[in-house]
Amino acid sequence: TWQPQPAQLASGPNSQQACFQARDRTGLARNKCITVTATGGANCEAGASPPPPPPPQQQQQQQQMPSPAMAAQQQMQQAPGGPPGAQQSTIDPMAPSFVVPPTPAAAYTAPCKVQFTVQALGLHQHDSITISLLSGPPGSSISTPITSNPGSTVFTWQPQPAQLASGPNSQQACFQARDRTGLARNKCITVTATGGANCEAGASPPPPPPPQQQQQQQQMPSPAMAAQQQMQQAPGGPPGAQQSTIDPMAPSFVVPPTPAAAYTAPCKVQFTVQALGLHQHDSITISLLSGPPGSSISTPITSNPGSTVFTWQPQPA
């Protein structure tokens, strides 16, 4: 939570950055930075204090699953663009969440061939998630989805060199994750092929691997693909929050409830940060690496997934 004083919003919206770390039981960690913005407004009264904290048990439940109001607000923050069929104005809080990474947060860039894993996690017991491609660039496709929990697929787009003759080619690909109950969440990603000397005319992608190997590749991206996806999503922020290389088995942030890249609210900024471990019997602890003065997180729930609630309430000037 972050609730700036009116004086801090007198000159306009106040934007800061908060950086988090998710660490698993083996010591592997992944960092993520989120831009938090308070826009201000008539209801931001001076001296307003936050509501009293809930009882410990209720607080744990709130951390593990955000309230419908918070979930709806976080979903509005991350409403996807794209064609009308991909837009969702309201989303059930129990709909599947995309796992970032391996799923790109918002955009993905490659020289010739754009390829990445899309993964989503179901929230129901014994859930099974199926991911489909709602729309994408001409010639793009996904591999046969792995229907499990989490569910996954691999997106591929390889434009012809003629399509890159005038410069980088940016398109949008929109995906849907649907659970066993029929609840669904959509996510759109901007995909860009920059072109280059190695994009030879008529080059064809390598033949698909055997079915069993293909399933393994979908469930866990190769180290090369994982490293490239991690570079696409390298966080900003202070030096301590930057990661040049990340082990592919490091925890992944679950989006939502975790904001993809930014979060905006009028007076009080509050959201859940959640991360999923990839090891058997894993336990994830989330910490706040850096944030605005006065920001904090609630006592982390160390489990799999692990979660915490971010809070920022600056002192009056």
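These legends describe close-up views of a predicted model.

**View 1. Strand 8 is enclosed by the rest of the structure.** Strand 8 spans residues 151–157. Of its 7 residues, 7 are buried, so the strand is largely enclosed. G151, T153, F155 and W157 point one way. S152, V154 and T156 point the other way. Residues on both sides are buried. In a regular strand, side chains alternate between the two faces of the sheet.

**View 2. Strand 8 pairs with strand 5 and strand 7.** Strand 5 (residues 114–121) runs antiparallel to strand 8, and 7 bridges join them. F116 has F155 of strand 8 as its bridge partner. Strand 7 (residues 141–142) is also antiparallel to strand 8, with 2 bridges. Here I142 has F155 as its bridge partner. F155 is thus a bridge partner of both F116 and I142.

**View 3. The largest nonpolar core holds 20 residues.** V114, F116, I131, F155, F175 and V191 touch the most other members. Strand 4 (107–110), strand 5, strand 8, strand 9 (169–178) and strand 10 (184–193) each give two or more residues to this core. Strand 5 supplies the largest share, 4 residues. A second core is separate and has 17 residues, including F253, V269, A275 and I286.

**View 4. Y108 and F116 form a tilted aromatic pair.** The whole structure contains 8 aromatic pairs. In this one, the ring centres lie 5.1 Å apart, with 55° between the planes. Y108 is buried, at 0% relative accessibility. F116 is buried too, with a relative accessible area of 0%.

**View 5. F271 and F310 form a stacked aromatic pair.** Their ring centres are 5.1 Å apart. The planes meet at 25°, so the pair counts as stacked. F271 belongs to strand 13 (residues 270–276) and F310 to strand 16 (residues 306–312), so the pair ties together parts 39 residues apart in sequence. Both F271 and F310 are buried. F20, Y263, F271 and F310 make up one aromatic cluster.

**View 6. S295 is a buried residue of strand 15.** Strand 15 covers residues 295–297. S295 has 17% relative accessibility; it counts as buried because the cut-off is under 20%. A polar atom of the S295 side chain lies 2.7 Å from the backbone oxygen of P292. Leaving aside residues up to four places away in sequence, S295 touches L288, F310, T311 and W312. Of these contacts, F310 is also a member of the aromatic cluster in View 5.

Methods
Residues are numbered from 1 along each chain as its sequence is written. This is a predicted model: local features need pLDDT of at least 70, side-chain atom pairs count only at pLDDT 80 or more; totals for chains, interfaces and linings use all residues. Side-chain values use heavy atoms; hydrogens and water are left out. Buried means under 20% relative accessible area, exposed over 50%, partly exposed in between (1.4 Å probe, protein chains only). A polar contact is a pair of N or O atoms within 3.5 Å; within protein, one must be able to donate a hydrogen and the other to accept it, and residues adjacent in sequence count only if both atoms are side-chain atoms. Contact means heavy atoms within 4.5 Å. Two strands pair if DSSP finds at least two bridges between them. A nonpolar core is a set of buried Ala, Val, Leu, Ile, Met, Phe, Trp, Tyr and Cys residues joined through side-chain atoms within 4.5 Å. Rings of Phe, Tyr and Trp (its six-membered ring) pair if their centres lie within 6.5 Å; planes under 30 degrees apart count as stacked, over 60 as edge-to-face and the rest as tilted.
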